Amino acid sequence: MRHWRGPFDRQGYHHGNLKEALIEAAQRFIAERGIGGFTLADAAKLVGVTPAALYRHFRGRDALVAEVAFRGYDELAKRLGRALQSDGTALERFTRMGEAYLAFAEQEPGFYTAMFSAKAAEGEASCGPFWAKAVESGGKPAGNAFDFLVKALADTFPEGFQTVDARFIAIEVWALSHGIATLDAAGQLPKGPGLPDKYELLRAGVLALVHGALKGKA
């Protein structure tokens, strides 16, 4: 593990920020080692406290990973929300949402891995699914990723999808985006002359899904 020089480095860590320090530590471990690549003792050592200190904030490792996952869903929803509210045509905004999803998966591997691997600790709520509410500063709900995606589809294709529920299309688009992001992260997305990059592949796939739905074939 590379030496961590950040806001919670041992030389600058303040105990009042312990919870945030642990979340950052877990996010970093997950990004560098994978979901199973660290223990609570590892996280405690990284931020310079004893393992017992962690239990003041988390019941166990699963609860810590679940919090990382929830923070990831929150950040993803905010990014999709910003893309949805950006300038340009409805189609341009919809395209930016797909780009934002793939960029998030690439830029935040700790969050992204936790989001699709974490499980809720026993007796605790779900770690935060794709439709979990994003939270603005001040604690006000800002919307959720799934609703943003459904709205983008409705704005871009106001004529609707005949007998196909827009939410059904939204799930298909999400599944496609997740599949491409996962293959890319694993280095298993085919690359070479004449093959599209991940952004082009997502745009082509989404257009195929949408056009099929518009024709009543979804």
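**Exercise 1. A pair in helix α1**

How many residues apart are R28 and E32 in helix α1, and by about how many helical turns are they separated? Work out how the two side chains meet as well.

*Solution.* Keep in mind that this is a predicted model.
- Step 1: R28 and E32 both sit in helix α1, which covers residues 18-33, and they are 4 residues apart, so about one helical turn separates them.
- Step 2: Their side chains meet in a salt bridge, at 3.6 Å from N to O. Side chains of opposite charge can pair when their charged atoms come close.
- Step 3: For E32, the relative accessible area is 30%, so this residue is partly exposed.

**Exercise 2. Get the overall layout**

Find out how many helices and strands the chain has, and in what pattern they follow each other.

*Solution.*
- Step 1: Count the elements: there are 9 helices and 2 strands.
- Step 2: Now walk along the sequence, and you get α-α-α-α-α-α-β-β-α-α-α.
- Step 3: Of the 218 residues in the chain, 44% are buried.
- Step 4: Take the contacts between residues at least 6 apart in sequence; 65% of them join residues at least 24 apart.

**Exercise 3. More salt bridges**

Compare where the partners sit for E99 with R203 and for K151 with D155.

*Solution.*
- Step 1: Start with E99 and R203, whose side chains form a salt bridge at 3.1 Å, N to O. This pair ties together distant parts of the chain: E99 belongs to helix α5 (residues 90-107) and R203 to helix α9 (residues 198-214), with their positions 104 residues apart.
- Step 2: Check how open the two are. E99 has a relative accessible area of 31%, so it is partly exposed; R203, at 32%, is partly exposed too.
- Step 3: Next come K151 and D155, joined by a salt bridge at 2.8 Å, N to O. They are 4 residues apart in helix α7, so about one helical turn lies between them.
- Step 4: K151 is partly exposed at 44% relative accessibility, and D155 is partly exposed at 32%.
- Step 5: Some bridges share partners, and in this way E75, R79, R82 and E108 become one network. The structure holds 13 salt bridges.

**Exercise 4. Two helices that cross**

Decide how helices α7 and α8 are oriented to each other, and which residues meet where they touch.

*Solution.*
- Step 1: Look at the axes of α7 (residues 145-156) and α8 (residues 166-185): they come within 9 Å and cross at roughly 115°.
- Step 2: Angles of 65 to 115 degrees count as roughly perpendicular, so that is how α7 and α8 lie to each other.
- Step 3: The crossing of α7 past α8 is right-handed.
- Step 4: On the α7 side you'll find F146, L149, V150 and L153; they meet A166, R167, I169, A170, I171, V173 and W174 of α8.
- Step 5: Sort these by class, and the contact has 10 nonpolar residues, no polar ones and 1 charged residue.

**Exercise 5. Zoom in on V173**

Is V173 buried or exposed, and which residues does V173 touch beyond those up to four places away in sequence?

*Solution.*
- Step 1: Locate V173: it lies in helix α8.
- Step 2: The relative accessible area of V173 is 5%, which means it is buried.
- Step 3: Leaving out residues up to four places away in sequence, V173 touches L149, V206 and L209.
- Step 4: For a distance check, take L153, which is 20 residues from V173 along the chain; their C-alpha atoms are 9.9 Å apart.

Technical notes:
Residues numbered from 1 in each chain as written. Predicted model: local features only at pLDDT ≥ 70, side-chain atom pairs only at ≥ 80, totals over all residues. Heavy atoms only, no water. Axes fitted to C-alpha atoms, helices over the stretch in contact; angles between N-to-C directions. Parallel < 35°, antiparallel > 145°, perpendicular 65-115°, else oblique. Left-handed = near helix turned anticlockwise from the far one by under 90°. Contact = heavy atoms within 4.5 Å. Nonpolar A, V, L, I, M, F, W, Y, C, P; charged D, E, K, R; others polar. Salt bridge = Lys/Arg side-chain N within 4 Å of Asp/Glu carboxyl O. Buried < 20%, exposed > 50% of the residue type's maximum accessible area, 1.4 Å probe, protein only.
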